[in-house]
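The following exercises concern a single protein chain. Please work through each task before reading its solution.

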Amino acid sequence: MMRIGLQGRLFLSHLVVMLMGVGSFIVISHAASHHLFSGHLDQMASMGRAVYAIRAELLSGFKDAWRGSTMLSLTVGGVTAAALSYWVARRITQPLTEMERITHQFAAGNWSEQVPRSDIPELARLSRSFNCLALSLQGVEERRRELIEDLTHELRTPLTIVRGYLEESVAASQALTPAATQLLVRETRRLERLVNDLQELSKAEAGQLPLQLQAIALPPLFDKLLLRFEGQITEGGPQLSWQCDDDVAPVLADRDRLEQILVNLLGNAIKHTRQGHIILRAQATDNQIWITVQDTGVGIAPDELPQVFERFWRSSQFRNQIHNPAMVGTGIGLAITKRLVELHGGCIEVESTVGVGSIFRFFLPQA
């Protein structure tokens, strides 16, 4: 069974409407015109004019003239209506045809074209939505490629180290030394952390992390976190402390996810701060609770601030100064932190000055 496209359907619908209108005109005109003309002749006869002798001839002539004019009007009107219907149908379907063509371009990986704007409001909105969707898909594709490149780079180093030591052990027919074994364990743990962080980030970005929201008092939580991190501070390292307004209200959050956010921010601050202090603050503003982690670390360059919450980003100052490979993170912690804050309905931001320190702050709703 042959299927008719949208353009054909629009064209046929216009023709059907036209034929119905013309048919109604012919039927009504044929029925009314003869009666009206006959009545006009009767009126003329009542006025004393001699029309009875030629009445039949006049009616016959009127019918012939009516048929001729009707056929001419039907022919000219039909051709004109058909041409206009075809033009209108083509104009309506042309943006859709163009959209189909550009869709194939998108499928082939060509994102340079966009659907042109239509003069028809409904199609203009459809074109705008389609272009926005295309830009979004382009962004997704670019992020996917960047993620694969970054992930490949991150996996290459630990895998190369593990492979090198194992091949050396096989070639020498000797067991691994304790130092080499410890190094391999560290690298495999690094791979494990990377995989776990990637899985966590994937779930967070997809909105698949369930949140058990509850009222959480911040002072006890801050005490618990600082006690947890005190063992990671070396002698002569930064001093940890926290400050809260006396009347600060509890926040509405998931306890585990909130701890994860603060652990990521505090751990990041400790890695970047050799001495000075790290302060954890909480302050109420309207119906929001702002939580701040401030350090006196190496800081972040202004041109790097927009990249802070991207996957696998690491500060150039930190890369240049770090000496302990064990302190190298996966580069995903801040990306996870940002998404967790957003899942709570909050927002996170950062300020930093090289050589002075950084301030990470975010807000959560008040319980």
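**Exercise 1. Determine how many aromatic pairs the structure holds, and classify the pair of Phe-222 and Trp-242.**

Solution. The model is a predicted one, and it holds three aromatic pairs. For Phe-222 and Trp-242, the ring centres are 6.0 Å apart and the planes stand at 65°. Planes over 60 degrees apart count as edge-to-face, so this pair, at 65°, is edge-to-face. Next, consider the location of each ring: Phe-222 belongs to helix α5 and Trp-242 to strand β2, so the pair ties together parts that are 20 residues apart in sequence. Finally, consider accessibility. Phe-222 has a relative accessible area of 0% and is buried, whereas Trp-242, with 28%, is partly exposed.

**Exercise 2. Classify the pair of Phe-309 and Phe-360 in the same manner.**

Solution. The centres of these two rings lie 6.2 Å apart and their planes are at 90°, so the pair is edge-to-face. Phe-309 is found in the loop between β5 (288-295) and α7 (316-321), and Phe-360 in strand β7 (residues 357-365), so parts that are 51 residues apart in sequence are tied together. Both Phe-309 and Phe-360 are buried.

**Exercise 3. Identify which residues touch the most other members of the largest nonpolar core, and examine the contacts of Ile-291.**

Solution. The largest nonpolar core has 47 residues, of which Leu-218, Leu-258, Leu-262, Ile-291 and Phe-362 touch the most other members. Helix α6 (residues 255-272) gives the largest share of this core, with eight residues. When neighbours within four places in sequence are left aside, the contacts of Ile-291 include Leu-218, Leu-258, Leu-262 and Phe-362. Ile-291 is also in contact with Phe-222 and Phe-360, residues already met as members of aromatic pairs. Apart from this core lies another, of six residues, among them Met-99, Ile-102, Phe-106 and Phe-130.

**Exercise 4. State the sense in which β4 pairs with β2 and with β5.**

Solution. Strand β4 (residues 277-285) pairs with β2 in the parallel sense over six bridges; within this pairing, Gln-243 has Arg-281 in β4 as its bridge partner. With β5, β4 pairs in the antiparallel sense over eight bridges, and Thr-285 stands opposite Gln-288 in β5. The hairpin of β4 and β5 has two residues between the strands, and Asp-286 there takes a positive phi near 55°.

**Exercise 5. Decide whether Glu-235 is buried or exposed.**

Solution. Glu-235 is placed in the loop between α5 (218-229) and β2 (239-244). Exposed means over 50% relative accessible area; Glu-235, with 85%, is therefore exposed.

Notes: Residues numbered from 1 in each chain as written. Predicted model: local features only at pLDDT ≥ 70, side-chain atom pairs only at ≥ 80, totals over all residues. Heavy atoms only, no water. Helix = DSSP H or I, 4+ residues; strand = E, 2+ residues; numbered from the N terminus. Buried < 20%, exposed > 50% of the residue type's maximum accessible area, 1.4 Å probe, protein only. Phe/Tyr/Trp six-rings, centres within 6.5 Å; stacked < 30°, edge-to-face > 60°. Core = buried A, V, L, I, M, F, W, Y, C linked by side-chain atoms within 4.5 Å. Contact = heavy atoms within 4.5 Å. Pairing = 2+ DSSP bridges.
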